[in-house]
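Open your viewer and get the cartoon on screen. We'll hop from one selection to the next, and I'll tell you what sits at each stop.

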Amino acid sequence: MAYSYEPHHFEDFEAGQEFKSVGRTVTESDFVMHSALAGDWTELHTNKEYAEEGPFDGRIAHGPMTFVHATGFVYRSGIVERTAYAFLGMNYMDLPNPVYIGDTISLEMEVSETKDVDHDDAGIVVLDTEMTNQDDTVVFQGDMKFLIKRKE
């Protein structure tokens, strides 16, 4: 599977093309920073004693935090660096398993579609993504639509 830090323009993407991100370990700081930014201090994410008595046997990442990590991996891969005009949304997103402090996560991406649009200097690229932890447990899946700059 290709690993790239090279920016891709719309014409460089083709269906079936695959990319893989680096990994990163989720930390206590990630939980605190996300809670502060989002204003979401739900005890399932921030209260160790409460969370240990809950259904996940400990604190888990916020769902939106998991999504933010996934989008961050796309940008960190470099494939849309200085070529992405916009993140346009998703048709689906699943969070089948929780992310815990100490998990090491990474993202696999596959181009599922490229689409010409009424935009002279850009087109749409759809990436099907899957994020796993160190045990290869899937913690995020979704398609991400980007408006990507054409070559000049």
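Which residue takes a positive phi in the hairpin of strand 6 and strand 7? Select aspartate 136: its phi is near 65 degrees, and that hairpin has five residues between the strands. A word on names: strands (E, at least two residues) and helices (H or I, at least four) are DSSP runs, numbered from the N terminus.

Some ground rules before moving on. You're looking at a predicted model, where local features need pLDDT of at least 70, side-chain atom pairs count only at pLDDT 80 or more, and totals for chains, interfaces and linings use all residues. Residues are numbered from 1 along each chain as its sequence is written, and side-chain values use heavy atoms, with hydrogens and water left out.

**Stop 1: the whole chain**

Zoom out. The C-alpha trace spans about 55 × 30 × 25 Å along its principal axes. Color by secondary structure and you'll find four helices and seven strands. Walk from the N terminus and the order is β-β-α-α-α-α-β-β-β-β-β.

Now switch on the surface. The protein exposes about 8,200 Å² (Shrake-Rupley method, 1.4 Å probe), and carbon and sulfur atoms supply 48% of that area. Of the 152 residues, 38% count as buried, where buried means under 20% relative accessible area, exposed means over 50%, and partly exposed is in between (1.4 Å probe, protein chains only).

How much of the contact list comes from residues 24 or more positions apart? They account for 69% of the contacts with a separation of 6 or more; a contact means heavy atoms within 4.5 Å.

**Stop 2: the annotated domain**

Select residues 15-123. UniProt, in an unreviewed entry, places the feature "domain: MaoC-like" here; such annotations may be inferred rather than shown by experiment. This stretch is 31% helix and 26% strand. Its end C-alpha atoms are 14 Å apart.

**Stop 3: strand 5 and its partners**

Select strand 5, residues 104-116. Strand 1 (residues 18-20) runs antiparallel to strand 5, joined by three bridges; two strands count as paired if DSSP finds at least two bridges between them. Click lysine 20 and you'll see glutamate 108 of strand 5 standing opposite.

Next add strand 2 (residues 24-25), which pairs with strand 5 in the antiparallel sense over two bridges. Here threonine 25 stands opposite threonine 104.

Then add strand 6 (residues 122-132), antiparallel to strand 5 over 10 bridges. These two strands form a hairpin with five residues between them. Click threonine 114 to find its bridge partner in strand 6, valine 125.

**Stop 4: strand 7**

Is strand 7 largely enclosed or open? Nine of its 12 residues are buried, so the rest of the structure largely encloses this strand. Select residues 138-149 to see strand 7.

Strand 6 pairs with strand 7 over 11 bridges, in the antiparallel sense. Valine 125, which you've just clicked as the partner of threonine 114, also stands opposite phenylalanine 146 in strand 7.

Strand 3 (residues 84-89) runs antiparallel to strand 7 too, with four bridges. Look for glycine 89 opposite lysine 145. Strand 4 (residues 93-94) joins strand 7 through two bridges, again antiparallel, and aspartate 94 has glutamine 141 as its bridge partner.

**Stop 5: four residues to click**

- Phenylalanine 13 is in the segment before strand 1. Its relative accessibility is 5%, so phenylalanine 13 counts as buried. Its contacts include Phe19, Ile79, Val125 and Ile148. Isoleucine 148 is 135 residues away in sequence, yet the two C-alpha atoms are 9.6 Å apart.
- Threonine 66 lies in helix 4 (residues 63-76). At 4% relative accessibility, threonine 66 is buried. Among the residues it touches are Leu95, Met131 and Phe140.
- Threonine 132 is in strand 6. Its relative accessibility of 13% makes threonine 132 buried, and its contacts include Thr104, Ile105 and Val139.
- Aspartate 135 is in the loop between strand 6 and strand 7. Buried or exposed? Aspartate 135 is exposed, because its relative accessible area is 55%. Draw a distance to serine 112, 23 residues apart along the chain: the C-alpha atoms are separated by 26 Å.

Key
Lists of a residue's contacts leave out its neighbours within four places in sequence.
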